[in-house]
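These are my notes from going through the strand pairing, the chain contact and a few single residues. I wrote each entry as I looked it up.

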Amino acid sequence: MITVKNVSIRYLMIYDRVKSIKEYIVQKLKGEIKYEEFWALKNIDFEVKKGEVVGIIGHNGAGKSTLLKIISGILKPTEGSVNVQGVVVPMLELGSGFDQDLTGRENIFLNGAILGYSEEFLKEKYDEIVEFSELGKFIEIPLRNYSSGMIMRLAFSIATVVNPDILIVDEILAVGDADFQAKSKARMMELMGGGTTVLFVSHTLDQIREMCDKVLWIEHGQMQAFGETEEICNKYEQSCIGE
Amino acid sequence: MNAKKLKKGCIIALILYVILAIMFYVIGGQQLQYRTVKTDMLNPSMVIGEITKENVFEQSLKMEGDILTELSLMGATYQRENTGTLSLEIVDLDGQILAKRDIKVDTLKDNEVFHVPFYDGINIPENRFVLRISAPEATEGNAVTLYAGNTVSTSRYEVSAPISIDDKIKLNGQPQEYMLCVDIISSQELLFGQYYWYGALAILLILVVFCIYLYRKNQNKMHSRILNVFIVMERYQYLIKQLVARDFKTKYKRSVLGIFWSFLNPLLTMLVQYVIFSTIFKSDIPNFAVYLLIGIVCYSFFSEATTMALGAIVSNATLITKVYVPKYIYPLTRVMSSAINFLLAMIPLGIVLVITRTPIKPAILLLPFAVICLFMLCLGIGMFLASSMVFFRDTQFLWGVVSMLWMYATPIFYPETIIADEIMPIYKCNPLYHVVRFIRIIIIDGVSPEPKAYVLCLITCIIPLLIGAFVFKKSQDKFILNL
């Protein structure tokens with residue numbers, strides 16, 4: 001399903017970010033543009049089979065989100081290759097495709113299209129989305145009049161309506177008030193338990209232990225370990241205590 | 001990809017091609033077969049003297065085409081009623097009379113151009129002939145005359161024309177110091193028209209072979225770049241539709257008149273410029289309102305589409321860093337929504353056509369060709385600007401200046417005739433010039449342009465598209481690092 005082969009990604013960091021043609025040319029002529037190499041990921045190599053739930057753990061800045069972005073196709077690796085078979089639905093940041101001037105209804109179709117849903121699917125699931133988001137008659141009002149909680153509820157409802165082949169989750173999203181949080185958490189669990197392949201980043205080891213079949217541990221862009229959940233989680237805990 | 005769908009698509013494409021090829025031949029008509037060449041008249045400055053039975057004039061002439069179709073002369077009557085006939089003979093170099101026309105003298109008007117058409121066309125060997133003018137019945141005091149001259153106009157100045165001894169008009173064999181004022185319209189057969197059906201058939205064969213090739217590849221589940229394009233198009237067509245609808249909806253969202261601005265904007269711009277250029281700066285362009293509106297509509301599409309595409313990547317930064325979508329979709333949808341705007345602006349153009357009583361001819365069906373060319377041009381430049389904008393935010397300010405320059409480098413509100421010959425090559429490189437000229441020919445003149453115009457339109461628009469697409473493709477992986 002997902003094959004990640006020897007993936008590395010390198011950033012060239014320029015000391016001062018050049019923003020204009022003039023500056024660029026001047027500095028290039030002077031030979032002042034210096035780069036510093038930074039490997040955000042180095043030689044990541046693993047495979048996820050169909051239906052597996054894989055947790056990704058590691059400290060902040062270890063490269064977990066970068067890896068998710070590479071798998072969902074947003075970033076291209078400098079070296080190595082990624083082969084993904086199936087429809088990927090990334091739940092990285094919700095509601096990034098919303099347009100403030102459009103109504104809730106129009107945004108459902110726009111955002112759905114961005115996530116790669118088809119027209120028939122959206123029409124069929126439209127009522128379900130509205131119902132889950134609990135927006136009711138507000139769905140016909142432009143988004144700029146929504147509260148931030150309402151926007152998050154709508155975004156969550158759109159993102160989770162689908163049954164994708166591969167689901168990419170950056171932290172379990174629990175949004176809105178307490179009631180909605182419980183509801184959304186239940187929905188996430190349902191999705192992740194429903195036989196789809198899941199890549200799941202979390203800092204809560206309890207969730208990882210509860211959900212995942214396998215765990216990938218990354219530290220400073222390097223792969224530390226990949227294997228059975230219990231074993232890797234224990235190792236990770238020990239290293240945390242050790243520090 | 002679904003085999004049935006592919007089969008259906010291929011068959012539709014082939015049928016469409018055949019229909020288009022036939023329609024094009026019918027609409028294009030004469031313009032595809034012959035090229036019409038018109039020589040310019042000298043400035044009429046004097047008359048050649050009374051044409052009587054004693055005075056026979058002979059003027060040797062040279063034309064560019066092979067077939068003579070019309071002569072225009074400027075006559076004068078000495079402000080009196082004359083009688084009799086004026087006889088014009090076309091004589092070839094061997095002295096043989098190829099054609100003869102008798103004109104009733106009383107139909108001539110003083111100081112006015114009259115036309116002598118040869119409807120069947122006269123094939124003239126070596127493209128040289130002598131025009132013999134005589135009036136067998138006329139006597140002094142009952143004769144007309146024709147205008148002659150020895151100067152030509154170059155832009156705004158009159159200069160004396162170099163007239164060689166052979167070009168001078170001869171009165172009873174004696175060369176005079178001037179040349180007859182005459183316009184020669186001749187036509188030349190074009191290879192394009194002669195070989196049209198062979199070319200059309202060849203392309204059809206290529207298409208058939210190509211379709212079979214695609215079908216085979218698809219059946220064997222082989223990877224093909226072209227098939228991939230179709231698959232991506234199919235997969236993202238709903239997204240493209242949504243993004244175009246978004247651009248369009250948000251554009252007029254909070255305005256009272258909403259979508260009517262798409263009609264009103266070009267109309268009002270035209271009115272302002274029309275008033276300025278028909279009162280303050282006099283211009284003598286025939287059908288100026290239509291002439292102007294075509295220029296304005298094309299340019300505003302170009303300017304709007306490129307400016308919108310310029311920000312396509314930068315303003316969608318939040319999306320690009322979160323969700324994977326082929327990045328060219330963003331500039332593409334921006335250009336598409338401007339194109340819809342452009343098509344809406346065609347409605348006021350239609351209204352103006354009706355008001356000015358411009359006859360609407362079938363040649364207007366050639367409009368899609370020009371629109372497609374213009375679309376490719378906008379997309380190419382839009383893609384180039386969008387990727388340039390990611391790395392250098394100066395692009396937006398620079399483009400403001402460049403697009404203004406581009407506007408003045410396109411004959412939108414001034415006639416083509418004021419362009420000096422020295423800078424004409426620059427205009428020939430301007431795709432917008434070719435497109436605007438193309439549309440003006442099919443709408444104002446109501447005929448298809450010459451085949452060369454199609455080629456120029458297509459080439460000058462495809463080159464920017466290829467450059468834009470190449471730059472975009474090369475740089476798109478680095479976008480995310482600079483957003």
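I began with Glu58(B) and looked for its bridge partner in strand 12 of chain B, which turned out to be Lys170(B). I kept in mind from the outset that this is a predicted model. Strand 3 (residues 57–62) and strand 12 (residues 170–171) of chain B run antiparallel, and I found 2 bridges joining them.

I then followed the sheet outward and noted that 6 strands of chain B form an open sheet in the order 6-5-8-3-12-13, with antiparallel pairing. Strand 6 (97–104) and strand 13 (174–175) of chain B stand at its edges with a single partner strand each, so one side of each has no neighbour in the sheet.

Next I turned to strand 4 of chain B and asked which strands pair with it. With strand 7 (residues 112–123) of chain B, strand 4 pairs in the antiparallel sense over 8 bridges, and here I picked out Leu71(B), whose bridge partner in strand 7 is Val116(B). With strand 15 (residues 182–189) of chain B, I found 6 bridges, again antiparallel; Leu68(B) has Ser186(B) of strand 15 as its bridge partner. Strand 9 (residues 145–149) of chain B also runs antiparallel to strand 4 and is joined to it by 2 bridges, with Leu146(B) of strand 9 as the bridge partner of Gly75(B).

Why is strand 4 of chain B largely enclosed by the rest of the structure? I checked the accessibility of strand 4 (residues 67–76) and found that 8 of its 10 residues are buried, so the enclosure follows from that count.

I moved on to the contact between the chains, which takes 28 residues from chain B and 31 residues from chain A. Chain B and chain A bury about 2700 Å² between them, and 62% of this lies on carbon and sulfur atoms. On the side of chain B, I noted that Tyr238(B), Lys322(B) and Phe392(B) lose the most area to chain A, together 23% of what that side buries.

For the polar part of this interface, I recorded 4 salt bridges and 4 residue pairs in polar contact. I looked up the salt bridge in which the side chains of Glu106(A) and Lys249(B) meet, at 3.4 Å from N to O. Helix 5 (225–251), helix 9 (317–320) and helix 16 (479–482) of chain B each supply at least two residues of the side that touches chain A, and helix 5 gives the most, with 8 residues. I sorted the residues of that side of chain B into 13 nonpolar, 5 polar and 10 charged.

My next entry concerns Glu50(B), which I located in the loop between strand 2 (46–47) and strand 3 of chain B. Is Glu50(B) buried or exposed? Its relative accessible area is 17%, under the 20% limit for a buried residue, so Glu50(B) counts as buried. Leaving aside residues up to four places away in sequence, I listed what Glu50(B) touches, including Phe57(B), Tyr78(B), Arg80(B) and Glu140(B).

Last, I looked at backbone angles, since most residues other than glycine have a negative phi. Asn127(B) has a positive phi near 60°, sits in the loop between strand 7 and strand 8 (128–134) of chain B, and counts as buried at 17% relative accessibility. Asn6(A) has a positive phi near 45°, is found in strand 1 (residues 2–14) of chain A, and counts as partly exposed at 42%.

Definitions and conventions:
Residues are numbered from 1 along each chain as its sequence is written. Chains are lettered from A and ligands numbered from 1 in the order in which they are written. This is a predicted model: local features need pLDDT of at least 70, side-chain atom pairs count only at pLDDT 80 or more; totals for chains, interfaces and linings use all residues. Side-chain values use heavy atoms; hydrogens and water are left out. Two strands pair if DSSP finds at least two bridges between them. Helices (H or I, at least four residues) and strands (E, at least two) are DSSP runs, numbered from the N terminus. Buried means under 20% relative accessible area, exposed over 50%, partly exposed in between (1.4 Å probe, protein chains only). Contact means heavy atoms within 4.5 Å. Buried area is the accessible area (1.4 Å probe) that two parts lose on being put together, summed over both. A polar contact is a pair of N or O atoms within 3.5 Å; within protein, one must be able to donate a hydrogen and the other to accept it, and residues adjacent in sequence count only if both atoms are side-chain atoms. Ala, Val, Leu, Ile, Met, Phe, Trp, Tyr, Cys and Pro count as nonpolar, Asp, Glu, Lys and Arg as charged, and the others, Gly among them, as polar.
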